[in-house]
Amino acid sequence: MDTEQQTKESPLVAALYAGFYGGQFVLLGIQLPFFAGWLALKGFTTSEIGLITGAALIARLALGPFVAFWADHQHDERRSLRIMSFLFALGGIGLILAPTKVLIGAAAALIIWTFGMLVPLTDTAVLRADRNGWVKYGQVRAAGSTFFLVTTIVGGAVLGQTGVAAAAPFMAIAAIAAFFMSLLLPKGVGGRGGAKPVSWREAPRFISSPVFLGVLIAAGLTQGAHAVYYAFSFLRWEELGYSTLTIGFLWATGVVAEIILLTRARNLAYRLGPALLLILGAAGAAVRWFFVALEPPLLFLFLLQTLHALTFAATYLGTIEFLDRAAPLRLVNTGMTLMSTTGVGAVTGLATVIAGYVWQSSGAGPAYMMMAFMGAIAVICAVLVARKWDGGKLFE
């Protein structure tokens with residue numbers, strides 16, 4: 001495709017990036033609800049599952065800024081996506097071919113880490129394509145959530161028949177599909193438009209801002225409060241007697257709520273503003289995980305799942321909108337990477353490790369209560385941001 005001669009939105013470009021998201025989020029649609037059950041079948045304890053997930057997320061903190069810096073300096077934005085997608089597929093293949101428990105754990109950590117790196121790199125490319133007039137970010141990003149939604153429902157039905165032993169092969173197929181989709185991405189649509197890549201020497205300007213640190217902590221704690229849900233919810237819901245199909249529908253309920261909010265992202269984010277979105281997300285986390293810790297009836301649990309629109313989507317939108325308003329254009333991607341790695345990645349990683357031990361020693365209730373406490377602290381941080389920030393640029 002000759003992208004150099006096209007100047008308006010391209011359905012083909014949108015479809016290719018949506019398909020690329022699709023491979024990533026189909027895998028996530030299996031990994032989040034069912035992967036813990038598969039690891040348990042392989043002999044992993046709850047604390048060991050927490051260590052695997054936590055180690056992968058902490059690796060985002062250690063390596064994420066370097067990967068983002070390297071990716072931002074590529075002349076062809078597709079190169080970093082293809083290399084990370086190859087590692088993503090390698091992790092998926094490793095899950096089904098690894099002969100020992102240690103190698104299975106390494107493959108699991110690799111696939112979780114590469115997913116965590118692929119999403120912000122893809123987000124950056126699609127946001128740039130949006131800025132260059134090729135696609136609408138919200139619609140393409142919502143396609144990924146739709147793939148996740150369908151996978152949780154269909155995957156729940158299929159795994160209900162085959163058992164969670166089939167989870168790893170499905171994940172491997174999705175990861176390989178993502179790699180092949182990366183080979184089809186068009187050239188140039190997600191480029192910087194001639195702008196020079198930013199130097200990481202400018203990153204400390206964010207860290208020196210109390211408002212940015214407030215958003216970093218609020219978003220990190222709110223998103224990190226999903227740690228128990230992401231890593232262990234399948235194990236507990238299976239113990240309570242819920243079928244694999246029911247668990248799939250529980251996850252799907254949260255994703256439907258997320259999609260509804262994401263598809264109305266632009267107007268809602270503009271009207272409410274970043275600080276209020278962060279407050280709503282944090283308050284949703286405090287309420288959601290407090291009541292989940294009490295192990296409510298299934299119908300109430302479905303209602304609580306709709307709060308995913310706040311705990312994930314509102315927090316995500318608030319973070320993106322904050323960076324768009326508060327950061328100079330040349331530093332938006334730097335700020336996004338800092339939020340993704342230092343905030344969300346580090347907090348989620350540490351919370352997953354700690355929660356694994358809490359779950360192992362004290363059960364699910366205390367682990368979920370820890371997540372509710374994180375949400376409550378995030379509310380305080382988000383309120384402070386609302387009071388301290390005037391809504392303008394933090395610096396030029």
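The following paragraphs describe the overall fold, the nonpolar core and a nonpolar surface patch of a predicted model.

Because the model is predicted, local features were accepted only at pLDDT of at least 70 and side-chain atom pairs only at pLDDT 80 or more, whereas totals for chains, interfaces and linings use all residues. Residues are numbered from 1 along each chain as its sequence is written, and side-chain values use heavy atoms, with hydrogens and water left out.

The protein contains 16 helices and 0 strands, these elements being DSSP runs numbered from the N terminus (helices, H or I, at least four residues; strands, E, at least two). Its C-alpha trace spans about 55 × 50 × 35 Å along the principal axes. The radius of gyration of 20 Å agrees with the value near 21 Å that a compact globule of 396 residues would have, where the radius is taken over C-alpha atoms and the globule rule is 2.2 Å times the number of residues to the power 0.38. Of contacts (heavy atoms within 4.5 Å) between residues at least 6 apart in sequence, 86% join residues at least 24 apart.

Buried residues account for 59% of the 396 residues; buried denotes under 20% relative accessible area, exposed over 50%, and partly exposed the range in between (1.4 Å probe, protein chains only). The largest nonpolar core, a set of buried Ala, Val, Leu, Ile, Met, Phe, Trp, Tyr and Cys residues joined through side-chain atoms within 4.5 Å, has 129 residues, and those with the most contacts inside it are Leu95, Trp289, Phe322 and Met371. Helix 4 (residues 101–131) supplies the largest share of this core, 16 residues. Beyond residues up to four places away in sequence, Trp289 touches Ala225, His226, Tyr229, Tyr368, Met371 and Ala372. Thr352, which lies in helix 15 (residues 332–362), is buried because its relative accessible area is 1%; with the same sequence neighbours left out, its contacts are Gly50, Thr53, Gly54, Leu57, Ala227, Ala231 and Phe232.

At the surface, the protein exposes about 16000 Å², of which carbon and sulfur atoms supply 68%, with areas computed by the Shrake-Rupley method and a 1.4 Å probe. Val287, Phe290, Phe291, Leu294, Phe300, Leu303 and Met369 form a nonpolar patch of about 580 Å². Helix 12 (274–293) and helix 13 (298–305) each contribute at least two of its residues, and the largest share, 3 residues, comes from helix 12. Val287 is located in helix 12 and, at 40% relative accessibility, counts as partly exposed. Patch members have over 30% relative accessible area and no salt bridge (a side-chain nitrogen of Lys or Arg within 4 Å of a carboxyl oxygen of Asp or Glu); like charges are joined within 9 Å and nonpolar side chains (Val, Leu, Ile, Met, Phe, Trp, Tyr) within 5 Å.
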